[in-house]
Amino acid sequence: MAAEVLFDAPGPKTVARHRIYTIVAVVALLVLVAYAVKRLYDAGQFEYALWEPFVTPNIMRAIGEAWLDTLTMAVLAVLGALVFGLVFGIGKLSDRKPVRWVSWLVVEFFRAVPVIMLMIFSFYAIFNSMSIEDGAYWSVVLSLTVYNGAVLAEVFRAGVNAVPRGQAEAAYAIGMRKSQVMNVILLPQAVKIMIPAIISQMVVALKDTSLILIVFGVGLTKILKSLPLSFNNIVPTTIVISGLYVITNLALTYLATRAQKRFVGEKEMLQVSNVAEPVSNVA
Amino acid sequence: MDAVLESLPDVFKAFGYTVLLFLVSGVFSLIGGTILVAMRVGPISVLDKAAATYVTLVRNTPLLAVFFFFSFAAPKIGINFKWVDVHIGTFDFTSFFSTAVVSLTLYTSTFVCEALRSGVNAVPLGQAEAARAIGLPFTGVMSQVVLPQAFRASVPPVASALIALLKNTSVAAVFGVIEATAQMKVMTNNNADERWGIFIAFAIGYVVLVELVSLVAGTFERRWRIA
Amino acid sequence: MRFIRTKAMVAGLGLALSLAACGDAGSDTESVDVEVSEDASFDDGTRMKELADAGTINVGVKYDQPGLGFNETGSDMPTGFDVDIAKILVASLGIDPEDTSKVKYIETISDNREPFLQEGKVDLVLASYSITDERRQVVGQAGPYMVTGQQLLVPEDSDAAGPEDLQGKEVCSVTGSTSLDNAKAEGMKPVGFDTYSQCVDKVLDGTVEAMTTDGTILAGYAAQNEGQLKVVGDPFSEERIGVGYSKDSPEMCQWITDTLEQANEDGKWAEAFEANLGASGVETPDFPEMDACES
């Protein structure tokens with residue numbers, strides 16, 4: 001809702017009052033930021049020695065590689081999640097009751113279990129014979145595949161349901177089979193609607209790659225864990241690594257918005273709720 | 001499953017911490033999200049921009065990094081929670097619990113803010129226009145017409161944010177709170193031959209909690225739905 | 001200073017060396033010079049012979065414990081006391097321990113040391129690996145090459161002198177270590193963090209009363225934060241740090257024991273200790289008496 005609708009165009013008195021509010025707010029915010037910066041400065045957190053690693057070539061290279069690891073983990077996970085989501089999303093739309101039930105169970109289970117727990121489990125019980133770095137890497141990919149896959153299953157279902165009913169009816173009317181209606185008519189249109197939601201799921205996956213720290217650091221989280229061991233610079237490291245996550249995510253969000261405009265127009269992005277779907281919807 | 005059954009009290013206590021983290025951070029997140037959304041829809045553009053920047057920044061930062069800031073950076077500028085030292089029964093609420101609550105709150109507030117904003121956006125424009133037309137001031141428009149409807153519309157997205165919070169309490173495991181996930185990790189380490197059973201037992205615990213929150217959210221949604 | 005740093009990096013030793021020079025890093029991680037054995041000869045059919053002939057070996061070490069086994073970000077050669085002992089063993093096989101194309105220092109964590117040995121992913125484990133009866137059921141453990149005990153690291157102005165003063169108080173250690181269980185048994189409330197340096201941070205900012213783990217590790221942090229932190233109390237556990245090997249090759253035990261005895265006699269052991277842990281103001285202890293190998 002546009003703000004202009006909520007209140008009148010301010011008169012001279014209100015304008016003056018708002019100006020005072022604005023000044024107070026600006027001063028308060030500046031004081032807050034300045035205080036934090038000053039305290040960090042006093043604590044010696046801006047000393048060059050603590051920041052020097054970030055301009056040291058071999059460490060920059062290590063951070064770059066770690067960033068690539070993080071990115072590939074997220075990309076692989078989302079690709080895997082697409083397959084997982086497609087299978088179970090369509091499974092939930094199946095005409096066969098057992099298929100619908102199993103799909104519902106799988107999706108609800110992986111949506112409810114914390115990703116960090118999936119990671120602990122896959123690290124110790126599934127990838128425990130790999131080298132730890134590889135084990136951690138694939139634990140992240142697998143855990144994020146099933147979690148984001150469960151979310152995307154809902155996106156798929158919602159996407160297919162968002163295709164106007166007439167489309168499927170018309171397809172049946174010209175004699176298409178069920179699988180044809182799904183593959184030729186519904187999915188191609190649904191995918192278009194889903195692309196932005198899929199990209200924004202990348203943001204979620206990228207952030208969640210960090211959770212593997214509970215068993216072992218891999219990707220950017222590895223830097224977060226190990227760099228302060230050498231340089232005693234946990235605050236600068238946290239700032240830099242968080243910054244890298246934020247920048248990457250903002251780039252992804254920008255892509256999602258572009259994709260939204262291109263494929264769907266100005267309509268709202270497809271949202272999927274975390275609220276569990278009631279059993280009654282399945283039966 | 002033997003390992004789980006043998007240490008059932010520990011498991012329940014761990015889930016107790018999970019629930020407590022969820023409840024305390026949940027209440028604070030609702031308050032924080034409301035403040036943020038007030039800044040966003042209010043008339044002071046500086047506050048709008050500050051809130052928008054904050055929301056964008058935090059939403060794109062991993063929760064783990066937010067925890068890092070409050071565990072390691074905040075104490076360096078004098079923000080620590082050493083003064084929190086409450087013990088109720090066998091539950092300890094010390095700086096670790098507080099740090100987790102603050103991190104979870106600051107993170108979840110941004111999602112609650114966005115959820116509430118989507119609620120405000122869901123109120124048809126004509127409602128506010130009509131309210132204005134009958135001469136209500138800004139506060140009247142908001143409190144009598146827009147917010148009550150926005151509140152109803154935002155129940156599902158807010159519930160969604162709260163369920164995410166419930167699962168996110170597991171990040172506290174990395175920062176010294178022995179909640180369910182930390183307990184699961186300890187048990188996974190100590191009982192190599194029962195990893196599947198332990199995982200499934202704890203997973204069921206989380207599924208039950210999520211279903212409970214969903215159930216409550218569903219009830220509210222039905223009760224407040226505009227006929 | 002800058003010169004030293006550049007040189008250290010070129011030399012592939014990592015940065016800790018130069019940082020120790022300015023006094024703000026952990027322990028001095030200058031590596032011990034070991035001579036590669038020219039005349040290594042082992043009986044046919046032994047694992048040592050196989051390794052010496054192949055000229056390659058995999059060693060499991062820690063990557064996240066400065067002073068014991070630690071790998072700098074951006075480096076491929078870990079440093080520390082455990083690593084130096086590993087180098088002495090590797091060199092005695094006639095393999096150049098500095099050549100990372102021949103010697104792979106594989107990161108191990110507490111949870112995967114036994115599986116890695118059993119599956120042959122590593123030939124030796126030197127990763128602050130305490131000798132216990134339980135572990136000896138599944139893998140071979142020679143040594144100990146170091147004996148240490150769990151103590152407490154507290155702020156300089158703390159009155160605590162031992163676990164008895166910290167009953168019910170929060171103490172920090174790293175997750176996945178036996179230190180947490182021991183602390184609980186002593187009546188303290190253990191809080192697990194990811195690395196020791198995070199724990200030290202928590203002691204420094206007063207969030208927890210103390211940190212607890214092996215005395216050798218604590219001494220390093222006490223020296224690094226002189227005037228702020230101190231180590232107190234008698235050790236309330238005894239950790240005997242040994243070398244892990246596969247049970248399939250029991251002949252390795254005697255070789256490890258003999259090589260370590262030899263390292264003690266020619267002073268390499270003490271040199272390794274001083275280079276990695278001695279800089280923190282710890283007196284170099286006597287070489288521990290090693291367990292006899294089962295023949």
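**A tour from strand 7 of chain C outward**

Select residues 150-155 of chain C, which form strand 7. Five of these six residues are buried, so the strand is largely enclosed by the rest of the structure. Keep in mind that this is a predicted model.

Next, add residues 210-214 of chain C, strand 10. Strands 7 and 10 of chain C run antiparallel and pair over four bridges. Show C:Leu153 and look across to strand 10: C:Met211 stands opposite.

Now add strand 11 of chain C, residues 229-232. Strand 11 also pairs with strand 7 in the antiparallel sense, over four bridges. Pick C:Leu152; its bridge partner in strand 11 is C:Val232.

Move on to the contact between chains B and C. Here ten residues of chain B meet twelve residues of chain C. Colour the chain B side by class: four residues are nonpolar, five polar and one charged.

Then turn to chains A and B. This contact takes 47 residues from chain A and 55 from chain B. On the chain A side, select helix 1 (3-6), helix 2 (12-42), helix 5 (97-112), helix 6 (115-126), helix 9 (178-208) and helix 11 (234-264); these are the elements that give two or more residues. Which classes make up the side of chain A that touches chain B? It has 36 nonpolar, nine polar and two charged residues.

Finish with chain A by itself. Colour domain 1 (3-42) and domain 2 (63-156 + 195-281) separately, following the domain assignment. Their centres, taken over C-alpha atoms, are 38 Å apart.

Notes: Residues are numbered from 1 along each chain as its sequence is written. Chains are lettered from A and ligands numbered from 1 in the order in which they are written. This is a predicted model: local features need pLDDT of at least 70, side-chain atom pairs count only at pLDDT 80 or more; totals for chains, interfaces and linings use all residues. A residue is buried if 20 or more other C-beta atoms lie within 10 Å of its own, exposed if 12 or fewer, and partly exposed in between; C-beta atoms are placed from the backbone. Two strands pair if DSSP finds at least two bridges between them. Two residues are in contact if their C-beta atoms, placed from the backbone, lie within 7 Å. Ala, Val, Leu, Ile, Met, Phe, Trp, Tyr, Cys and Pro count as nonpolar, Asp, Glu, Lys and Arg as charged, and the others, Gly among them, as polar. Domain bounds come from an automatic or database domain assignment.
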